[in-house]
Amino acid sequence: MDAPRWLTPGEQRTWRALVWSSQVLQESLDRQLQREAGMPHAYYTILVRMSELPGRRCTMTELAQMTQFSASRLSHAMTRLEKRDWITRAKDRRDPRTTIATLTDTGFETLRVAAPSHVEHVRSIIFDRFDDEEQKQLRTLCEKLLDTFADLEDRRWPFPEQEDLGGGADDVLGGDGRALSGLPLAEPFFGVTEAPVTGDR
């Protein structure tokens, strides 16, 4: 057996910085959304993804693919969202084996109200701290990592071919060019431009 390829001191520092920053980022997004909108980042992600769909509806299978949530995690989240009247679920009349999820007007309005403060938070902790060149470098590195996961684990990034995203968010905020989500603009795990958002407990 080949000897383990242990990390060098420099690699170890890079690795720990990456893991720790990822964890702290998610915790920061969760805290802001819980405080301002009463929902965790995961629920916010679901609402954003559904707001960008035609008719604000899709099958549960499609939603799981878009959010990369496991079936059990998504089912638990949707039960909570359904109790708040933010989404509804119903069997497809053409295929009873398929469940259709729909974002309600109440859920859409919750997202619209939450967006401004969330995006402001995302801007303050990420985009205000990097110049344009640094942002491009960060995006390039993240996309390279995502390509690796796509190859090794078939975990596909929903927006690989788009330079600018936010059409769905524009619709959510009234078409004034401001995106709804607070995930890195390209949100589905992400989405941000010039407006803020929040979420569920």
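Biologist: How many disulfides does a search of the whole structure find?

Modeller: A disulfide is a covalent bond joining the sulfur atoms of two cysteines. The search, which looks for pairs of cysteine sulfur atoms within 2.5 Å, finds zero disulfides in the whole structure. Please note that this is a predicted model, in which local features need pLDDT of at least 70 and side-chain atom pairs count only at pLDDT 80 or more, while totals for chains, interfaces and linings use all residues. Residues are numbered from 1 along each chain as its sequence is written, and side-chain values use heavy atoms, leaving out hydrogens and water.

Biologist: Is C58 buried or exposed?

Modeller: Buried means under 20% relative accessible area, exposed over 50%, and partly exposed in between (1.4 Å probe, protein chains only). C58 counts as buried because its relative accessibility is 6%. C142, at 37%, is partly exposed. Across the protein, buried residues make up 38% of the 201 residues.

Biologist: How many helices and strands does the protein have?

Modeller: Helices (H or I, at least four residues) and strands (E, at least two) are DSSP runs, numbered from the N terminus. The protein has seven helices and three strands, in the order α-α-β-α-α-β-β-α-α-α from the N terminus on.

Biologist: What is the span of helix α1?

Modeller: The expected span is 1.5 Å times one less than the number of residues. Helix α1 covers residues 9-37, 29 residues in total, and reaches 41 Å from its first C-alpha to its last, close to the expected 42 Å. After α1 comes G38, with a positive phi near 70°.

Biologist: Which residues of α1 are buried?

Modeller: An α-helix has 3.6 residues a turn, so residues three or four places apart point the same way. In α1, the buried residues are S28, L29, Q32, L33 and A37. Their cover includes α2 (41-51) and α5 (105-125), judged by contact, meaning heavy atoms within 4.5 Å. Of the contacts in the protein with a separation of 6 or more, 61% link residues 24 or more positions apart.

Biologist: Which elements give two or more residues to the lining of the second largest pocket?

Modeller: They are β1 (57-59), β2 (87-92) and β3 (95-103), and β2 gives the most, with five residues. The lining includes the buried C58, along with R57, T59 and I100 among others.

Note on methods
On a 1 Å grid over the protein atoms alone, a cavity is a set of points where a 1.4 Å probe fits but cannot get out, and a pocket is an open set with protein on both sides within 12 Å along at least five of seven lines; lining residues have an atom within 4 Å of a point.
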